[in-house]
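Opening the notebook on a new model today. I want to look at strand pairing, the nonpolar cores and one helix packing.

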Amino acid sequence: MTEKKNQLGPKRRDFLLDLLKKSREPLKAAHLAEITGVSRQVIVQDMALLRAGQEPVISTPQGYILLKASPKGVQRTIFSRHSMQDTERELTLLVDLGVQVLDVGVEHSVYGKISRPLNLKSRFDVKNFMSQITQKDTSLLSSLTDGLHIHTLEASSVEILDRACEVLTEEGFLVKL
């Protein structure tokens, strides 16, 4: 990646957007701060400004990504319930079946739907996510709803999603509403 130190806001945001468009992997704010010569907080603000300008920038546990215009496969929304201890098992089952876990959300009685992108597609991604939860000593979004949560899943075929739902049902995770 070419460094572009000390650029002014609009040019820096154009540069960041270009990096996101070209990247195949999520980009960490700390890394972007280093190559642009600004603080991590400035990068966070830049990403918020890009989103406000209707750019499809999302923050994931692995870093920032730019959502592509069209999904690669078939998507399905599911409801799941399990304990914090079963989180890694649920996510690993899904990615092992070739399913990408795009997000997690809850329906909160006061706040309505709360959702965050995950974009987990491998065991490595799942381990990273779980490590962040553990290292930051935080709770899962589903702790607000007694373990009940929503995932948007994506796979290359309906058959893969059907199999994933069968496995989640066998494990007692899938909730039929």
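My entries follow, one topic at a time.

**Strands.** I'm working with a predicted model here. I started with E4 (residues 100-108) and E5 (residues 112-120), which run antiparallel and are joined by 7 bridges. I then looked at the link between E4 and E5 and found a hairpin of 3 residues. For a pair across the ladder, I noted Val106 opposite Ile114 of E5.

**Main core.** Next I pulled up the largest nonpolar core, which has 24 residues. Which members touch the most others? I get Leu94, Val99, Val101, Leu120, Phe129 and Leu153. Two or more residues come from each of H4 (87-96), E4, E5, H5 (123-135), E6 (148-155) and H6 (158-170). H6 is the top contributor to this core, giving 5 residues.

I checked Phe129 separately, skipping its neighbours within four places in sequence. That leaves Phe129 in contact with Pro61, Thr87, Leu91, Leu118, Leu120 and Leu140. Apart from the largest core I found another, with 16 residues, including Phe15, Leu19, Ile35 and Tyr64.

**Helix packing.** Last, I took H1 (residues 9-22) against H3 (residues 40-52): their axes come within 10 Å and cross at roughly 80°. That angle falls in the 65 to 115 range, so I'm calling H1 roughly perpendicular to H3. On the H1 side, Arg12, Arg13, Leu16 and Leu20 make the contact. H3 brings Val42, Ile43, Asp46, Met47, Leu49 and Leu50 to it. What is the make-up of the H1 and H3 contact by class? I logged 7 nonpolar residues, 3 charged and no polar ones.

Methods. Residues are numbered from 1 along each chain as its sequence is written. This is a predicted model: local features need pLDDT of at least 70, side-chain atom pairs count only at pLDDT 80 or more; totals for chains, interfaces and linings use all residues. Side-chain values use heavy atoms; hydrogens and water are left out. Two strands pair if DSSP finds at least two bridges between them. Helices (H or I, at least four residues) and strands (E, at least two) are DSSP runs, numbered from the N terminus. A nonpolar core is a set of buried Ala, Val, Leu, Ile, Met, Phe, Trp, Tyr and Cys residues joined through side-chain atoms within 4.5 Å. Buried means under 20% relative accessible area, exposed over 50%, partly exposed in between (1.4 Å probe, protein chains only). Contact means heavy atoms within 4.5 Å. Axes are lines fitted to C-alpha atoms, for helices over the stretch in contact, and angles run from 0 to 180 degrees between N-to-C directions. Angles under 35 degrees count as roughly parallel, over 145 as roughly antiparallel, 65 to 115 as roughly perpendicular and the rest as oblique. Ala, Val, Leu, Ile, Met, Phe, Trp, Tyr, Cys and Pro count as nonpolar, Asp, Glu, Lys and Arg as charged, and the others, Gly among them, as polar.
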